[in-house]
Amino acid sequence: MEHSSTVAGNPVHDNHGGTKEIWRTFWILLGLTIVELVLGYIMIGVESTGGRLGLKGAIIILMLAKAFYIVAYFMHLKGEIRNLVMTILVPLSLLLWAIIAFLYEGHSYRNNRNTYDAYTRERSNIQSTDKKADEKGMHEKKRTGAETME
Amino acid sequence: METTTAGLDTKWWNGGKSPFNVEYGKLMMWYFLMSDSFTFGAFLIAYGTVRFSSNGWPDPNAVFKSYPGASETTNAPLVFVSIMTFILIVSSVTMVLAVHAGHERNKKKVATNLIWTIIGGLAFLGCQAWEWNHLHHEGAWWGSNPFANSDGTESTDNFTNFFFTITGFHGFHVLSGVVINIVMLVMTLLGTFEKKGHYLMIEKAGLYWHFVDLVWVFVFTCFYLL
């Protein structure tokens, strides 16, 4: 433990799990993705705000679980020394603050505009006319529009 | 005796050993990835902020509902994007297998797995190119959004602007990853790592490639599912 040659001579981490662990992680990731997709399909039919929020929350939790498995096992961060892990993860906690602060700000901006800005309020009530042309059989017209845009 | 006065933690940093026990390049790759996740984080948080400040937003299931060869009226949400996600996960697995083979210094296995990873990356890019092309034909581009909000009201261009910017930035990362992997493959086949005595370079390329997969987990969730 005293001499540095152990570090220099063996910079490769030993891989305890081997390919078995890799495939296990793969199946976990695949399973989580399938559950995410199933929840996404279920959400298409859900109308209530609460139900949609619950499903979205579940999807976000699954997303974070996927991120954990990729970082911990594929990127092998779990096998690194704690100090190293901390220098990477602690700065990233800034993003937690940013998510909360900015989403809150966005929500508040929306409320303020709806309360005080008559233009925004009215504009957001305009029904779409030429949009979603697919359903209204105006596909040809829209295509030409896209071409002139180029 | 000096060592008795110094605690265990101090000894760790006393010199003579590598406190992080990784080589320089790998440590710097981690820090690069950390900075890159701030970039992607900022993009996605900006997207979330704008979405939270909007009264309406297009329904992703009404936008991303086609796949190659489907007819104009096809309504198949999430199908194509789940294929893209699957491709990226599999290519991540082959990459980690390449890194693993590198630890065993098995040149042939490294090369095979790298080739699979490159194929996966190219397949993903192909899917994305098709999707962009398809959306563009529907009239979607930067500054042009043909999709109405989910409640039927008129939408702004924010949806397409964020979609093309963020998936474009991610796609650019995939492209760089494929180029890096091709360089790694060439170096492997030329025996560069064999001469060096280790395949640590593959490990760094692998970190980058997994990061691309990691970002896709977030992009995919934020744009297609939520």
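**Figure 1. A:E36, a buried glutamate in helix α2 of chain A.** At 0% relative accessibility, A:E36 counts as buried (buried means under 20% relative accessible area, exposed over 50%, and partly exposed in between, with a 1.4 Å probe and protein chains only). This is a predicted model, in which local features need a pLDDT of at least 70 and side-chain atom pairs count only at pLDDT 80 or more, while totals for chains, interfaces and linings use all residues; side-chain values use heavy atoms, with hydrogens and water left out, residues are numbered from 1 along each chain as its sequence is written, and chains are lettered from A and ligands numbered from 1 in the order in which they are written. The helix that holds A:E36 is α2, residues 18-45 of chain A (helices, H or I with at least four residues, and strands, E with at least two, are DSSP runs numbered from the N terminus). Which residues is A:E36 in contact with, leaving aside its neighbours within four places in sequence? From chain A they are A:I59, A:L62, A:M63 and A:K66, and from chain B they are B:F220, B:T221 and B:L225 (contact means heavy atoms within 4.5 Å).

**Figure 2. Chain A and its confidence.** Let us step back to the chain that holds this glutamate. Chain A has seven helices and zero strands, and 29% of its 150 residues count as buried. Among its contacts between residues at least 6 apart in sequence, 50% join residues at least 24 apart. The chain exposes about 9700 Å², with carbon and sulfur atoms supplying 63% of that area (accessible areas come from the Shrake-Rupley method with a 1.4 Å probe, and for residues only the protein chains shown count as cover). The average pLDDT of chain A is 80, and 75% of the residues score at least 70 (pLDDT is the predictor's confidence in each residue, from 0 to 100). Over residues 1-12 of chain A the pLDDT is below 50, and this stretch has eleven contacts in the model beyond near neighbours in sequence. Residues 132-150 of chain A also have a pLDDT below 50, with 25 contacts beyond near neighbours in sequence. Please look at such stretches with care: where pLDDT is low, the predicted coordinates should not be read in detail.

**Figure 3. Chain B, a chain of nine helices.** The secondary structure of chain B comes to nine helices and zero strands. Of its 226 residues, 56% count as buried. Residues 24 or more positions apart account for 71% of the contacts in chain B with a separation of 6 or more. Chain B exposes about 9100 Å², and 67% of this comes from carbon and sulfur atoms.

**Figure 4. The second largest pocket, lined by residues of chains A and B.** About 330 Å³ of space lies in this pocket. On a 1 Å grid over the protein atoms alone, a pocket is an open set of points with protein on both sides within 12 Å along at least five of seven lines, a cavity is a set of points where a 1.4 Å probe fits but cannot get out, and lining residues have an atom within 4 Å of a point. Grid points are joined across faces, edges and corners, and a volume is the space filled by probe spheres set on the points. Of the 22 lining residues, A:R113, A:R123, B:S54, B:N55 and B:T156 are the closest to the centre of the pocket. The elements that give two or more residues to the lining are α4 (82-116) and α5 (118-123) of chain A, together with α7 (158-190) of chain B. Of these, α5(A) gives the most, with three residues. By class, the lining has six nonpolar, twelve polar and four charged residues (Ala, Val, Leu, Ile, Met, Phe, Trp, Tyr, Cys and Pro count as nonpolar, Asp, Glu, Lys and Arg as charged, and the others, Gly among them, as polar).

**Figure 5. The second largest cavity, with B:F64, B:K65, B:S66, B:F80 and B:E131 nearest its centre.** A search of the whole structure finds three cavities of 30 Å³ or more, and the second largest has a volume of about 80 Å³. Its lining has 14 residues: ten nonpolar, two polar and two charged. In chain B, α5 (79-103) and α6 (107-137) each supply at least two of them, and α6(B) gives the most, with four residues.

**Figure 6. Two loop residues with a positive phi, A:H76 and B:N21.** Most residues other than glycine have a negative phi. A:H76, although not a glycine, has a positive phi of about 60°. This histidine sits in the loop between α3 (49-74) and α4 of chain A and is partly exposed, with a relative accessible area of 21%. B:N21 has a positive phi of about 55° and lies in the loop between α2 (8-12) and α3 (24-52) of chain B. At 24% relative accessibility, B:N21 counts as partly exposed.
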